[in-house]
Amino acid sequence: MAAFDGLEKRPPEEIEVIRKNLLAYCRLNTLAMVKILEKLHELN
């Protein structure tokens, strides 16, 4: 959420870097959730 604060005041180049970083974070977060779910399924 902190990344969005004041985003409209940043130059386009900086916005693009923030966007790419957020997408990378989301990908890793999603992968982590998938791995956790896989482990939970193994326990059943």
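Is arginine 19 buried, partly exposed or exposed, and what is its relative accessible area? In this predicted model, arginine 19 has a relative accessible area of 47% and is therefore partly exposed, given that a residue counts as exposed over 50% and as buried under 20%. The setting of arginine 19, and of the other charged and nonpolar side chains considered here, is described below, beginning with the chain as a whole.

The protein chain contains 1 helix and 0 strands, and its C-alpha trace spans about 50 × 15 × 5 Å along the principal axes. Of the 44 residues in the protein chain, 7% are buried. The accessible surface of the chain amounts to about 4200 Å², with 65% of this area belonging to carbon and sulfur atoms. With respect to charge, the chain carries 7 positive and 7 negative side chains, and the centres of these two sets lie 4 Å apart.

The structure holds 4 salt bridges, among them one in which the side chains of arginine 19 and glutamate 16 meet at an N to O distance of 3.7 Å. Because arginine 19 and glutamate 16 are 3 residues apart in helix α1, about one helical turn separates them. Glutamate 16, with a relative accessibility of 34%, counts as partly exposed, as does arginine 19 at 47%.

Another of the salt bridges links glutamate 14 with arginine 10, where the closest N and O atoms are 2.4 Å apart. Both partners retain part of their accessible area: glutamate 14 counts as partly exposed at 32% relative accessibility, and arginine 10 is partly exposed with a relative accessible area of 30%.

A further salt bridge is formed by glutamate 42 and lysine 39, with the closest N and O atoms 3.6 Å apart. Glutamate 42 and lysine 39 also lie in helix α1, and because they are 3 residues apart there, their separation corresponds to about one helical turn. Glutamate 42 and lysine 39 are both exposed, whereas arginine 19 is partly exposed.

Turning to the nonpolar side chains, a surface patch of about 520 Å² is made by Met33, Ile36, Leu37, Leu40 and Leu43. Two members of this patch can be described individually. Leucine 37 is placed in helix α1, which comprises residues 12-43, and with a relative accessible area of 46% it is partly exposed. Isoleucine 36 likewise has its place in helix α1, and its relative accessibility of 45% makes it count as partly exposed. Since nonpolar patches are made of residues with over 30% relative accessible area, the values of 46% for leucine 37 and 45% for isoleucine 36 satisfy that part of the criterion. As to spacing along the chain, leucine 37 and isoleucine 15 are 22 residues apart, and their C-alpha atoms are separated by 33 Å.

Terms used
Residues numbered from 1 in each chain as written. Predicted model: local features only at pLDDT ≥ 70, side-chain atom pairs only at ≥ 80, totals over all residues. Heavy atoms only, no water. Helix = DSSP H or I, 4+ residues; strand = E, 2+ residues; numbered from the N terminus. Buried < 20%, exposed > 50% of the residue type's maximum accessible area, 1.4 Å probe, protein only. Areas by Shrake-Rupley, 256 points an atom, 1.4 Å probe, with all protein chains shown as cover. Lys, Arg positive; Asp, Glu negative; His and termini not counted. Charge placed at Lys NZ, Arg CZ, Asp CG, Glu CD. Patch = residues over 30% accessible without salt bridge, like charges linked within 9 Å, V, L, I, M, F, W, Y side chains within 5 Å.
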